[in-house]
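Biologist: Could you take me through this model? I would like to discuss the packing first and the backbone afterwards.

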Amino acid sequence: MQFGVATSILQQPPLFYAFEWPRWALCIVLRTMKNDGKERMPYDHPGASFCALSTPPGESAIGVIRANGPLAEALAVSLAKVPYPTPRHAYFCDYVAVDGKVLDVIILTYFEAGKSYTGDALVELACHGNPLILQKVLEDLFKRGFRLAEPGEFTRTAFLNGKMDLCQAEAVAELIHARSEKALHIAERQLKGGISAHYHSILDALMAAIAHLEAYIDFPEEDLPSEDAQGPLRDIAFCLSKVKKMLATRHYSALLHEGVKTVIFGAPNAGKSSLLNAFLGEDRALVSPEPGTTRDFLAERILVGPHALRIIDTAGLHTPTSKIERCGIEKTFLKIDEADLCLFVVDATRPYPAFDAALWAALAHKHVLLVLNKTDLMPPPYPTAAPWNALPCLPISAKTGDGIDALKRAILDAVEAEDLSEDEDLIICIRHARALEQAETALADAFAKLKDGAPVELAVCDLRFALDCIGGILGKVDNEVILGLIFSKFCIGK
Amino acid sequence: MNSNDPRSTQNGSIARPEERGRQEPTDVGDLARTTRTPLEAILSRSSYDVIVCGAGHAGCEAALAAARMGARTLLLTGNLDTIAQMSCNPAIGGQAKGHIVREVDALGGEMAVNTDFTAIQFRLLNRSKGLAVQAPRAQCDKKAYQFRMKQTLEMQPNLHVFQAEVTGLILRDGAVAGVETNLGCAFKGKTVILTTGTFLKGIMFVGDATVEGGRMGDFAAKRLSKSLLDSGIQLERLKTGTPARILGRSIDFSVCEEQKSDSEPTLFAFYDTREEMFHVEQLGENRVGWGPNTRSTSCWMTYTNDQTEAVIQANLRRSAMYGGKIEGVGPRYCPSIEDKIVRFSDKERHRLFLEPEGIHTDEWYINGLSTSMPMEVQEAIIRTIPGLEQAIITRPAYAVEYDYAPPTQLQPSLESKSIGGLFCAGQINGTSGYEEAACQGLVAGVNAAAKCLGLSELVIGREEAYTGVLIDDLVTKGTQEPYRMFTSRAEYRLLLNHNSAELRLIDKAAQYNLLPEARVTAIRQKKAAIEHWVSRFEGTGLDARGTLADALRRNLQVELPYAFQALSGAIREEVLYRVLYRGYLEKDFAHIAKMKAIDAVRIPSDFNYETLKGLRNESLQKLKKIRPQTLGQASRISGINPADVSVLLVYLRK
């Protein structure tokens with residue numbers, strides 16, 4: 001089936017004049033497409049506007065995202081907060097996402113149609129070069145109706161709009177070819193290993209569901225087993241859960257960008273801030289022998305092996321004496337709750353602190369490492385495990401740096417023991433996430449329809465769309481394959 | 001429609017055999033020793049616009065369409081008594097096929113009317129499902145169907161029907177100039193439509209016995225096959241089969257389940273836009289056939305059992321197909337009974353339909369029991385089946401293998417890419433089914449006539465009709481097995497509901513003058529009424545519940561306007577369909593609009609793909625072979641990816 005696969009090829013406005021379909025449909029589509037040049041288009045036909053990161057991926061000072069197409073002007077209006085953005089004028093503004101959150105402070109430049117690189121209306125967003133911010137901005141653009149550009153699409157659009165010299169045609173063709181090869185190569189690399197098996201298992205279940213339903217649509221005369229939606233429902237439910245699981249790895253990919261959230265906590269003056277400084281090798285956190293120096297949270301990113309850690313230093317846990325301290329301690333509890341990993345710092349020279357039950361409850365399902373600090377003040381032997389449970393105990397000296405490497409290894413082990421590491425092959429890229437999101441909606445629609453006994457051909461319509469989405473990742477699925485499935489599964493024929 | 005007296009234009013146009021001329025070896029069945037006329041002598045005579053070779057379901061529609069458009073048309077058939085013969089089961093329509101028959105009617109074809117007036121059982125399939133996938137099906141009286149079609153051809157102005165076997169093409173300057181026949185006379189024509197069915201080098205198999213012929217009792221077109229090869233047309237082999245026929249009086253119906261006709265027939269032709277029940281040009285004649293649904297019969301169901309399986313298993317090696325005699329590829333959706341038993345061994349029983357061949361005969365067709373076993377095994381198989389223990393077999397089941405010309409050699413107009421003026425339709429293009437043949441014949445007939453009359457070619461889009469899907473699939477992807485239409489082959493299935501065939505194709509029908517003017521007007525009015533009511537439903541507010549259309553979509557109880565309820569069922573059904581499915585239809589329209597953009601980009605027929613840089617070699621080879629006419633067609637070739645299409649686009653814009 002070829003729904004939507006080869007269709008995003010041209011970004012020209014649809015040729016409604018040549019449209020030979022009933023006028024009622026035309027009216028409906030035109031109503032949503034109305035554009036007198038000034039009025040903003042509330043909705044464009046899907047796929048006409050596209051966006052992409054134009055600077056190389058990875059950490060950099062600035063990341064430029066270009067958004068092209070009929071929706072670009074509305075985007076400039078919304079972000080720059082001006083009714084008519086001046087073309088080729090830089091606006092310094094907040095990037096406010098559709099959900100109202102400010103994602104970044106950006107410099108926006110609007111190019112009107114006919115005078116941009118591509119010839120279409122175009123907006124350039126210069127963001128900060130943080131991959132996470134850029135990803136969030138792209139995701140927000142998707143919500144606004146943009147789609148991810150195909151390889152070489154900006155250049156191709158420019159060429160088609162007559163913005164490039166004709167003699168560059170060959171160069172453009174080669175560029176498209178090279179880019180698509182590269183995209184293919186990247187996709188292949190990504191599809192190597194476990195992830196492609198996940199996609200294939202979705203695809204197989206999806207095709208089985210479609211083949212089953214199609215058999216009952218196309219062969220009502222055949223002696224098929226009595227029609228039963230249970231099998232397809234199971235298949236669709238399987239696809240849904242699998243798609244959801246894969247989409248959930250978007251969180252992991254954020255984790256990778258943002259770092260594993262690691263919270264340092266412990267009694268006052270146990271040396272938590274010193275430990276952070278030891279990690280960082282600089283006096284980032286304010287350290288003093290006075291208990292309760294850290295009232296706010298300090299967050300820093302360090303690299304442990306291949307993993308980024310976002311380390312959050314917290315106020316010491318003790319029976320609070322002031323209101324501010326109580327507030328700080330409550331926040332510490334919250335941070336522990338959100339943490340992927342906890343480092344419990346204990347002063348080796350003092351008795352183990354006696355915390356109340358709330359703390360142990362908060363730690364119950366957490367990955368906690370017990371760090372025995374200030375070994376420079378106390379000779380070995382050190383305990384290997386905490387007395388109150390079997391937490392691994394790591395003796396260090398934040399002051400001299402002894403044991404920090406061992407601690408980092410332990411952290412590495414802990415991080416890799418997390419789901420994150422096991423499912424690393426699941427981590428999906430933004431293009432795949434986009435396809436999976438669309439597939440998820442379509443699958444959910446189909447599931448609901450089948451369950452409610454709605455016309456089965458409508459459910460198949462949704463499933464076919466989902467198939468195209470997954471097919472967009474793995475390659476076009478020919479309808480012959482589905483027919484083959486039907487004929488191998490059911491005995492059909494006069 | 002041209003209403004000239006047919007007889008006035010047709011006499012005297014048969015080329016007579018010349019005395020001089022080479023002697024040709026004669027085939028059995030030739031009427032006289034073949035003599036061949038020198039080419040120049042033939043071409044100096046008056047000629048036909050369109051010559052149709054074969055009078056099956058494709059040939060009949062091709063000849064009628066061409067003649068109705070005003071082209072001087074000749075229909076040649078090896079046997080006038082087998083016109084429009086249903087070589088396999090006595091039924092027209094069914095899922096996707098029924099849709100096609102209605103499209104044939106929308107384009108002025110004959111199959112729908114002919115079915116309605118000779119049918120003995122009507123059923124609407126998929127009644128429990130949505131409108132888009134419901135399809136009409138009818139059992140027909142085979143002989144009545146043939147007689148009525150024959151009479152229609154005979155009465156058609158501009159059409160000359162003649163009995164002769166075509167033995168070769170006459171070519172001139174790479175284009176077709178006429179055909180040779182076994183009668184020693186040749187006919188010259190500006191265009192030729194080949195609708196050879198299974199006759200090209202047809203061989204039939206009944207176990208070890210092989211018989212040459214395209215159908216039991218008929219000849220095989222061996223010389224034409226050779227002529228096509230000599231003309232540079234590539235031929236390959238396909239296989240199909242048909243079950244045995246038995247006498248009704250020998251069937252014990254008491255142990256079979258009855259399958260009755262619907263009480264209300266779903267007819268194939270559109271009568272709400274017709275002034276008369278018949279085509280205008282056929283008025284006043286003493287027509288064969290009867291009023292739709294006036295003769296009703298039932299079909300019956302029975303099942304195979306363990307014994308049947310045992311007999312088949314014991315004799316498997318004697319099957320022509322399992323014995324390795326047949327090289328042609330058979331259809332996956334139409335397996336022989338031995339194939340079903342082997343491939344679905346876990347299935348306890350296989351259902352069989354007993355279908356009457358007509359009311360003028362006591363022969364019955366055993367649907368589901370096609371086989372290529374030897375006669376005695378066939379008999380043993382049939383005797384194991386409840387109700388058929390005493391069956392008297394009148395005709396054996398057989399498999400037939402035949403030549404087809406892979407359809408990727410054709411343009412979307414069904415004209416050959418290599419030989420100008422040569423069109424192919426039906427099984428020669430690798431399809432299967434009467435309906436598939438008919439719609440191709442119609443399109444080929446229109447295009448052959450259009451070529452002679454200087455009109456542009458008729459190409460039906462995938463979004464317009466199953467006919468469009470069928471032809472696009474054939475010329476773009478080709479086929480490895482006999483191609484049958486399924487609704488799942490159409491990406492815009494929801495737009496192609498059978499009720500809307502007339503509305504979808506009205507502009508094309510009007511453009512080629514395929515319908516009487518009064519009917520064109522009636523269809524346009526019907527279309528306008530539907531659009532009016534859809535927009536009225538979408539626009540009428542119902543206070544808090546949104547518009548009337550919203551309420552319908554949410555399945556709320558609403559009072560529909562009286563004026564609406566008073567409309568004809570065809571209009572009401574279509575209005576409700578468009579309202580209820582609006583979301584889906586809109587998605588399709590958006591998709592179609594985008595496809596139109598790339599379909600509008602034409603690729604010159606002499607486009608040199610070799611000069612393209614940046615195209616993968618695999619894609620290059622495919623494009624060179626298929627030579628798509630538009631960028632849209634290129635994008636549908638399997639294995640052509642969007643990047644290839646982009647590269648092509650860049651060069652086309654250069």
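Modeller: The discussion below covers the cores, one helix, two loop residues and chain B. This is a predicted model, in which local features need pLDDT of at least 70, side-chain atom pairs count only at pLDDT 80 or more, and totals for chains, interfaces and linings use all residues. Residues are numbered from 1 along each chain as its sequence is written, while chains are lettered from A and ligands numbered from 1 in the order in which they are written.

Biologist: Which residues touch the most other members of the largest nonpolar core?

Modeller: They are Leu206(A), Ile470(A) and Ile193(B), in a core of 265 residues. A nonpolar core is a set of buried Ala, Val, Leu, Ile, Met, Phe, Trp, Tyr and Cys residues joined through C-beta atoms within 7 Å. A residue is buried if 20 or more other C-beta atoms lie within 10 Å of its own, exposed if 12 or fewer, and partly exposed in between, with C-beta atoms placed from the backbone.

Biologist: Which element gives the largest share of this core?

Modeller: Helix H6 (residues 194-218) of chain A does, with 13 residues. Helices (H or I, at least four residues) and strands (E, at least two) are DSSP runs, numbered from the N terminus.

Biologist: And what is Ile470(A) in contact with?

Modeller: Leaving aside neighbours within four places in sequence, Ile470(A) is in contact with Tyr199(A), Ile202(A), Leu203(A), Leu206(A), Ala435(A) and Ala439(A). Contact requires C-beta atoms, placed from the backbone, within 7 Å. A second, separate core of 37 residues includes Val263(A), Cys342(A), Phe344(A) and Leu407(A).

Biologist: Why is helix H8 of chain A described as largely enclosed?

Modeller: Eight of the nine residues of this helix (residues 272-280) are buried, so the rest of the structure largely encloses it. Among the buried residues are Lys272(A), Asn277(A) and Phe279(A).

Biologist: Turning to the backbone, where is Arg88(A) found?

Modeller: Arg88(A) is in the loop between helix H2 (72-80) and strand E3 (90-96) of chain A. Its phi is positive, about 55°, although it is not a glycine.

Biologist: Is Asn158(B) buried or exposed?

Modeller: Asn158(B) is buried, with 25 C-beta neighbours inside 10 Å, whereas Arg88(A) is exposed, with 11 other C-beta atoms within 10 Å. Asn158(B) also has a positive phi, near 75°.

Biologist: How many helices and strands are there in chain B?

Modeller: Chain B has 21 helices and 20 strands. Of its 654 residues, 58% count as buried. Its C-alpha trace spans about 85 × 70 × 60 Å along the principal axes.

Methods: Contact = placed C-beta atoms within 7 Å.
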